[in-house]
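This briefing goes through one protein model by topic. Keep the sequence and the 3D view open while reading, and find each residue as it is named.

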Amino acid sequence: MLSVRKTILVVDDELQIRRVLKHALGEDGTRVLDAGTAREGLDLAAAERPDLIVLDLGLPDGSGEETCRQLRSWTQAPILIVSARHSDA
């Protein structure tokens, strides 16, 4: 029986976070792609059609919220939001 390999796209501007997520999510043979900007993430998502998108809210070239809206306009892939946002309060 042929197994279908799943693809996950990680979009985060922090290289270390992308590395950790790629390692953790790819341990079972899942194909994990990564992008450091919103534009790269949108382009990769369009080209590769991932099964899941892990999206940071704080991207250097645009908000994660807007990126999510753009993705949702043409893909039904689940989008998992990650954020390191915090406050002092």
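The largest nonpolar core of this predicted model has 13 residues, and those with the most contacts inside it are L9, V11, I53, L55 and L71. Two or more residues each come from β1 (7–11), β2 (31–35), α2 (38–48) and β3 (52–56). The largest share, 3 residues, is given by α2. In soluble globular proteins, nonpolar side chains tend to be buried together.

**Strand β1 and its partners**

- Strand β1 is mostly covered, with 5 of its 5 residues buried.
- The side chains point in two directions: T7, L9 and V11 go one way from β1, while I8 and V10 go the other way, and all of them are buried.
- Strands β1 and β2 run parallel and are joined by 5 bridges.
- One position to look at is T7, whose bridge partner in β2 is R31.
- Together with helix α1 (residues 15–26), the strands β1 and β2 form a right-handed β-α-β unit.
- Strand β1 also pairs with β3, again in the parallel sense, over 4 bridges.
- In this second pairing, V11 stands opposite L55 of β3.

**L55 and its surroundings**

- L55 is one of the residues with the most contacts inside the largest nonpolar core.
- Which residues does L55 contact, leaving aside its neighbours within four places in sequence? They are V11, G64, T67, C68, L71, I79, L80, I81 and V82.
- Of these contacts, V11 is the residue that stands opposite L55 in the strand pairing.

**D56 in strand β3**

- D56 lies in strand β3.
- Is D56 buried or exposed? D56 has a relative accessible area of 7%, which is under the 20% limit, so D56 counts as buried.
- The side chain of D56 reaches the backbone nitrogen of G58 at 3.3 Å.
- Not counting residues up to four places away in sequence, D56 touches V11, D12, D13, G64, V82 and S83.

**Helix α3**

- The buried residues of α3 (residues 64–72) are G64, T67 and L71.
- Down the axis of α3, these buried residues fall within an arc of 60°, so they line one face of the helix.
- That buried set packs against α2, β3, β4 (58–59), β5 (62–63) and β6 (79–82).
- R72 also lies in α3.
- R72 has a relative accessible area of 34%, which is between the limits of 20% and 50%, so R72 is partly exposed.
- Not counting residues up to four places away in sequence, R72 touches A77, P78 and I79.

**A backbone angle to check**

- Most residues other than glycine have a negative phi.
- R49 is not a glycine, yet R49 has a positive phi of about 50°.
- Where does R49 lie? R49 is found in the loop between α2 and β3.

Notes. Residues are numbered from 1 along each chain as its sequence is written. This is a predicted model: local features need pLDDT of at least 70, side-chain atom pairs count only at pLDDT 80 or more; totals for chains, interfaces and linings use all residues. Side-chain values use heavy atoms; hydrogens and water are left out. A nonpolar core is a set of buried Ala, Val, Leu, Ile, Met, Phe, Trp, Tyr and Cys residues joined through side-chain atoms within 4.5 Å. Buried means under 20% relative accessible area, exposed over 50%, partly exposed in between (1.4 Å probe, protein chains only). Contact means heavy atoms within 4.5 Å. A polar contact is a pair of N or O atoms within 3.5 Å; within protein, one must be able to donate a hydrogen and the other to accept it, and residues adjacent in sequence count only if both atoms are side-chain atoms. Two strands pair if DSSP finds at least two bridges between them. A crossover is right-handed if, with the strands pointing away from the viewer, the path from the first strand over the helix to the second runs clockwise. The arc is that of the directions from the helix axis to the C-beta atoms.
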